[in-house]
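Here is a short briefing on a protein–DNA model. Look at the sequence and the structure first, then read the points below.

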Protein chains: 2
Amino acid sequence: MVMVLRMRRVNANPVFRALADPTRRAIFEELSRRGEQTVHALTRYAGVSQPAVSKHLTVLKRAKLVRHRREGRETHYRAQPDALAPMVDWLEHYGAFWRDRFDRLEALLERMEP
Amino acid sequence: MVMVLRMRRVNANPVFRALADPTRRAIFEELSRRGEQTVHALTRYAGVSQPAVSKHLTVLKRAKLVRHRREGRETHYRAQPDALAPMVDWLEHYGAFWRDRFDRLEALLERMEP
DNA sequence: ACAAACCATAACTGTATGGTTATGGTTTTG
DNA sequence: CAAAACCATAACCATACAGTTATGGTTTGT
């Protein structure tokens, strides 16, 4: 028997908006792949100015997609992937049959036995 | 043994952009729930003018999220949920651990035995 | 045949947004 | 302590974008 935990419905809009921008997605991807990084490191990666990166991080922060930790003069950001939940929920709801069940199972198995 | 089909990587950007707007998301949701609809019906639903709806539908069309079918003077639109695949792929990639495996399994089971 | 309905496009408008440079606060380094 | 590094915010700019009204092309209804 499967217990279903009803989560508080979070507004999905900030997440959708935040990830609509390719630069922001790239920053989030980089943080997901390489883990925690400073603004400086992200700036070298992103190909835009440091203030631009700071503003992108602010948007991601408002969507709870990143958290930050100050350490001396540098700020370390890290991805907060569970903030993707509203988007995942939305997809599971409105895109429930975008792919047949076998495909879904296949993907799951792939993840569970690497 | 699980066969893995490598799909052609589709540019996820149009999908992310298209779904960033709440009105567009609402239109897509409505088409997903209630099935094929005319522009007229969608206009009554969306709460914006008919030209606005037409433009939103154009954006969704460019992202392959909807298809249309002309029938006399009316155009019927329907959701094309498999166009969500790039977004799902992205989430599976960068949000792989947004939720623990039990949760994923639970969600899967829910879908498989309704 | 004419009027009305349906839809798409054009033309326009205000605001949001992604980028820049400039600046200042804090912390580390020499 | 002075200089440099790191970051955030301010101020500004150009463009993208979501909305509007106006219009015209088809198709349906009377």
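In this predicted model, a polar side-chain atom of Arg24(A) lies 2.8 Å from a phosphate oxygen of DNA strand C. Thr23(A) also reaches the backbone of this strand: an N or O atom of its side chain is 3.3 Å from a phosphate oxygen. Thr75(B) uses its main chain, with a backbone N or O atom 3.1 Å from a phosphate oxygen of DNA strand C.

**DNA strand C**

- There are 22 residues around DNA strand C, and those that come nearest are Ser49(A), Lys55(A), His56(A), His40(B) and Ser54(B).
- Of the strand C atoms within 4 Å of the protein, 68% belong to sugar and phosphate.
- Chain A supplies at least two residues of this surface from each of helix H2 (22–34) and helix H4 (50–62).
- Chain B does so from helix H3 (39–46), helix H4 (50–62) and strand E3 (74–79).
- Which element gives the most to the surface near DNA strand C? H4(A) does, with four residues.
- By class, the surface near DNA strand C holds six nonpolar, nine polar and seven charged residues.

**DNA strand D**

- Around DNA strand D there are 22 residues, of which His40(A), Ser54(A), Ser49(B), Lys55(B) and His56(B) come nearest.
- Sugar and phosphate make up 68% of the atoms of DNA strand D that come within 4 Å of the protein.
- A polar side-chain atom of Ser54(A) sits 2.6 Å from a phosphate oxygen of DNA strand D.
- For Ser49(B), an N or O atom of the side chain is 2.6 Å from a phosphate oxygen of DNA strand D.
- Thr75(A) approaches through its main chain: a backbone N or O atom is 3.1 Å from a phosphate oxygen of DNA strand D.
- Two or more residues of this surface come from each of helix H3 (39–46), H4 and strand E3 (74–79) of chain A, and from each of helix H2 (22–34) and H4 of chain B.
- H4(B) gives the most to the surface near DNA strand D, with four residues.
- The residues near DNA strand D divide into six nonpolar, nine polar and seven charged.

**The sheet of chain A**

- Chain A has an open sheet of three strands in the order E1-E3-E2, with antiparallel pairing.
- Strand E1 (37–38) and strand E2 (66–71) of chain A are the edge strands, and each pairs on one side only.
- E1(A) and E3(A) run antiparallel and are joined by two bridges.
- Which residue of E3(A) stands opposite Gln37(A)? That residue is Tyr77(A).
- H2(A) lies across E1, E2 and E3 of chain A, at about 85° to E3(A).
- H4(A) lies across E2 and E3 of chain A, at about 120° to E2(A).

**Gln37 in chain B**

- Gln37(B) belongs to strand E1 (residues 37–38) of chain B.
- Is Gln37(B) buried or exposed? Gln37(B) counts as buried because its relative accessible area is 12%, under the 20% cut-off.
- Beyond residues up to four places away in sequence, Gln37(B) touches Glu30(B), Leu31(B), Leu42(B), Thr75(B), His76(B) and Tyr77(B).
- One of these, Glu30(B), is joined to Gln37(B) by a side-chain polar contact of 3.1 Å.
- Tyr77(B) is 40 residues from Gln37(B) in sequence, yet their C-alpha atoms are 5.4 Å apart in space.
- Thr75(B), which Gln37(B) touches, is also the residue whose backbone N or O atom lies 3.1 Å from a phosphate oxygen of DNA strand C.

**Positive phi at Lys64**

- Most residues other than glycine have a negative phi.
- Lys64(A) is not a glycine, but its phi is positive, about 65°.
- Where does Lys64(A) lie? Lys64(A) is in the loop between H4 and E2 of chain A.
- Lys64(A) counts as exposed because its relative accessibility is 59%, over the 50% cut-off.
- Lys64(B) likewise has a positive phi, near 65°.
- Lys64(B) is placed in the loop between H4 and strand E2 (66–71) of chain B.
- With a relative accessibility of 61%, Lys64(B) counts as exposed.

Terms used
Residues numbered from 1 in each chain as written. Chains lettered and ligands numbered in written order. Predicted model: local features only at pLDDT ≥ 70, side-chain atom pairs only at ≥ 80, totals over all residues. Heavy atoms only, no water. Near = heavy atom within 4 Å. Polar contact = N/O pair within 3.5 Å; in protein donor to acceptor, adjacent residues only side chain to side chain. Nonpolar A, V, L, I, M, F, W, Y, C, P; charged D, E, K, R; others polar. Buried < 20%, exposed > 50% of the residue type's maximum accessible area, 1.4 Å probe, protein only. Contact = heavy atoms within 4.5 Å. Pairing = 2+ DSSP bridges. Axes fitted to C-alpha atoms, helices over the stretch in contact; angles between N-to-C directions.
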